[in-house]
Amino acid sequence: MRSLLIRVMVTFFVTTVTVVVGLILVVNYQVSENFNSYLYMSGMHGIMMNHGKMAAMMGVPERQFITSLKYSLALAAGGMLLIGACVSYYLARSIATPVIDLNQAVNAVAAGDLDATVIVERQDEVGQLAMAFNAMTAKLKSNTVLRQRFLAGVAHELRTPLTILKANLEGIADGIITPDVEQISSLTEEVDRLTKLVGELRDLSLLEAGQLQPEFTFLDITQLLRQVLGKSNPLASEKSISLYSKIDDELPVIWADGDMVRQMVYNLVLNAIKYTPDGGQIIVGATAKNSMLQIMVTDTGIGIAVEDLEHVFDYFYRVNSARTKESGGTGLGLALVKQMVLAHGGKIEVASKLGQGSTFTLLLPMNVQQKA
Ligand SMILES: Nc1ncnc2c1ncn2[C@@H]1O[C@H](COP(=O)(O)OP(=O)(O)O)[C@@H](O)[C@H]1O
Ligand SMILES: [Mg+2]
């Protein structure tokens, strides 16, 4: 575990030792050379003397000088090596410790501890790596929580219709319930609910995996919106809700999957009808803005609280589960809309005020081709 620290430290220290020893040797050689020339120049010895003999003929002060020089050099070398060792240790620590910490955290995550984080103290590449690691673990954790919630949601949603079906079938088998038309149609409704749920789950998983790609064609959005409005009108009338359209003239043709766009808008309009009290008003608008086609569905319904707004696109999220379940929703409608609009390279936005109403806005990228 600590081997990186030791390796880096030894590398630094060996470099320091090499530099210091080299430096001392050079200084020693240079000083000796210069001292010899000095002795030679000062005429204390004969011109013909060579270096070896000269040393033997040095006087006491010269010998003392050389000894003191060697001593000073050794002292300087010792001091430098000590400083070198300290600096090596400090540098090695500052390089190796974050890597060691990161390594420990990675091992902890691998062992399943998603709360493992590393402390970011630096802004350099190692600090950035630590930050990226923390962001990655946070994402991993939130994905795990989402997956658990998703599974719990699926189990919960499947349970209710299955329980109803089983109880009724047992009742019929025991002769307690008579399988009349009403009974059968009620059971068929449960089967339809299950089929719808399974279909939505399938679409969602395929969309998320990128295996369900939009089949792009040129779309006349005005015509498409009129179709959706026509289909939704009977439902709105049932609740005496006025359904208006506010579609710009001369909308450009867009490059999108017709079925998906139809389903997205229909889901939004159905929600608007569902969550708007009798006598309310719904406006479906469309306009082209900043190379995006905006489709707005505005209602005067119950609205969504601020704390729920960011969750309405989550799987199985319902603001009021009792009420919305009654109205037949699976809690997957908006999640589907979100995945579909993302598959188109667009996005969905929501603005809402509790008790006043909501506006869902689909933003779809427009193709450059304009309507003739
Ligand atoms: N137009 C709206 N007005 C108020 N609340 C809404 C509106 N649309 C969606 N919601 C809230 O968002 C939740 C999620 O919507 P959705 O995914 O379509 O699920 P479902 O309609 O099946 O309940 C709904 O349960 C509801 O609480
Ligand atoms: Mg819905």
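**Domains, long helices and the ligand shell**

In this predicted model, the domain assignment divides the protein into domain 1 (3–116), domain 2 (129–208) and domain 3 (217–365).

Q: What is the distance between domain 1 and domain 2, and how is the distance taken?
A: The centres of domain 1 and domain 2, taken over C-alpha atoms, are 74 Å apart. Six residues of domain 1 and seven residues of domain 2 make up the contact. Residues count as in contact if their C-beta atoms lie within 7 Å.

Q: What classes of residue are on the side of domain 1 that touches domain 2?
A: That side of domain 1 has six nonpolar residues, with no polar and no charged ones.

Q: How do you know that the span of helix α4 agrees with its number of residues?
A: Helix α4 (residues 125–173) has 49 residues, which at 1.5 Å a residue should span 72 Å. Its end C-alpha atoms are 70 Å apart, so the two values agree.

Q: Why is α4 called hardly covered?
A: A residue is buried if 20 or more other C-beta atoms lie within 10 Å of its own. Among the 49 residues of α4, three are buried, namely A130, T137 and E157. The elements covering them include α3 (60–110) and α5 (181–208).

Q: What is the phi of G175, which follows α4?
A: The phi of G175 is positive, near 80°.

Q: How does the reach of α3 compare with the expected value?
A: From first C-alpha to last, the 51 residues of α3 reach 73 Å. The value expected at 1.5 Å a residue is 75 Å, and the reach is close to that.

Q: Where does α3 bend, and which proline follows?
A: The bend is at A96 and amounts to about 30°. The proline P98 follows within four residues. P98 is also one of the buried residues of α3, with S88 and A92. These buried residues pack against α1 (3–41) and α4. After α3 comes G112, with a positive phi near 105°.

Q: Which residues are closest to ligand 1, and how many surround it?
A: Ligand 1 is surrounded by 22 residues, and the closest are Y275, V319, G329, G333 and L334. Two or more residues of this shell come from each of α7 (258–274) and α10 (333–343).

Q: Which element gives the most to the shell around ligand 1?
A: α10 gives the most, with three residues.

Q: What makes up the shell around ligand 1 by class?
A: The shell has 10 nonpolar, 10 polar and two charged residues. Gly is counted as polar.

Key
Residues numbered from 1 in each chain as written. Chains lettered and ligands numbered in written order. Predicted model: local features only at pLDDT ≥ 70, side-chain atom pairs only at ≥ 80, totals over all residues. Near = placed C-beta within 6 Å. Domains from an automatic or database assignment. Contact = placed C-beta atoms within 7 Å. Expected span 1.5 Å × (residues − 1). Buried ≥ 20, exposed ≤ 12 C-beta atoms within 10 Å, placed from the backbone. Bend = angle between axes of the 7 residues up to and from the residue.
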